[in-house]
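Open your viewer, switch to a cartoon view and colour from one end of the chain to the other. We will go from the overall layout to single residues, one selection at a time.

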Amino acid sequence: METVIKEKWNDILDYLKNEYSINQVCYDTWLLNLKPHSVSEEDNIITICIDDEKIGKNSKEYIQNKYGMFIQVSIEVLTGYHLSLQCCRPCRCRITTPEWI
């Protein structure tokens with residue numbers, strides 16, 4: 001599951017941008033730097049790492065509220081995996097960052 005998401009991550013972001021008519025400025029600001037941190041097959045959860053320093057203060061909450069469902073649907077459409085979305089800040093992500101990020 002994690003490998004498929006890794007391979008399709010850029011396609012997932014492109015789908016998200018096009019399907020939900022996200023303009024280039026919003027895409028570049030809020031979505032372009034998102035990276036999957038981990039995928040829990042047991043719990044069906046994908047964790048996305050959001051760097052407030054790069055994106056802006058309170059970006060984690062904003063992205064979850066504004067784009068969370070769109071991200072989940074985009075992942076499901078392109079991979080067939082129904083995953084819940086969890087977001088974390090880099091301080092938590094650095095603990096076990098996969099090599100493909």
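Follow the cartoon along the sequence and you will meet the pattern α-α-β-β-α-α-β-α, that is, five helices and three strands. Keep in mind that this is a predicted model.

Before zooming in, show the surface for a moment. The accessible surface of the chain comes to about 6,100 Å², and carbon and sulfur atoms hold 46% of this area. Of the 101 residues, 38% count as buried. If you draw a contact map, take the contacts with a separation of 6 or more: residues 24 or more positions apart account for 66% of them.

**Stop 1: the sheet**

Hide the surface and select the three strands. They form an open sheet in the order β1-β2-β3, with mixed pairing. β1 (35–40) and β3 (84–88) stand at the edges with a single partner strand each, so one side of each has no neighbour in the sheet. From one strand to the next, the twist averages 25°.

Now select β1 together with β2, residues 45–49. These two strands pair in the antiparallel sense over five bridges. They make a hairpin with four residues between them, and in the turn you will find Asn44, with a positive phi of about 55°. To check the register, show Pro36, which stands opposite Ile48 in β2; then show Ser38, which stands opposite Thr47.

Stay on Thr47 and look to the other side of β2. Here the bridge partner of Thr47 in β3 is Gln86. β2 and β3 run parallel and are joined by five bridges.

How many of the five residues of β2 are buried? Four of them are, so this strand is largely enclosed by the rest of the structure.

**Stop 2: the helices across the sheet**

Bring back helix α1, residues 2–19. It lies across β1 and β2, running at about 160° to β1. Centre on Lys8, where α1 bends by about 60°. Just after the helix, select Ser21: its phi is positive, near 50°.

Next, add helix α4, residues 59–79. This helix lies across β2 and β3, at about 145° to β3.

Which residues of α1 are buried? Show Ile5, Trp9, Ile12, Leu13, Leu16 and Lys17 as sticks to see them. The elements that cover them include α2 (24–31), β1, β2 and α4.

**Stop 3: the core**

With those sticks still on screen, a general point is useful: in soluble globular proteins, nonpolar side chains tend to be buried together. In this model, the largest nonpolar core has 22 residues. Select Trp9, Leu31, Leu34, Ile46, Ile71 and Ile75, the residues with the most contacts inside it. At least two core residues come from each of α1, α2, β2, α4 and β3. The largest share, five residues, is supplied by α1.

**Last stop: Leu34**

Centre the view on Leu34 and list its contacts, leaving out residues up to four places away in sequence. What does Leu34 touch? Its partners are Trp9, Leu13, Ile48, Cys49, Ile50, Ile55, Ile63 and Ile71. Two of these names will be familiar from earlier selections: Trp9 and Leu13 are among the buried residues of α1. Ile48 was on screen too, opposite Pro36 at the first stop.

Notes:
Residues are numbered from 1 along each chain as its sequence is written. This is a predicted model: local features need pLDDT of at least 70, side-chain atom pairs count only at pLDDT 80 or more; totals for chains, interfaces and linings use all residues. Side-chain values use heavy atoms; hydrogens and water are left out. Buried means under 20% relative accessible area, exposed over 50%, partly exposed in between (1.4 Å probe, protein chains only). Contact means heavy atoms within 4.5 Å. Accessible areas come from the Shrake-Rupley method with a 1.4 Å probe; for residues, only the protein chains shown count as cover. Two strands pair if DSSP finds at least two bridges between them. Axes are lines fitted to C-alpha atoms, for helices over the stretch in contact, and angles run from 0 to 180 degrees between N-to-C directions. The bend at a residue is the angle between axes fitted to the seven residues ending there and the seven starting there. A nonpolar core is a set of buried Ala, Val, Leu, Ile, Met, Phe, Trp, Tyr and Cys residues joined through side-chain atoms within 4.5 Å.
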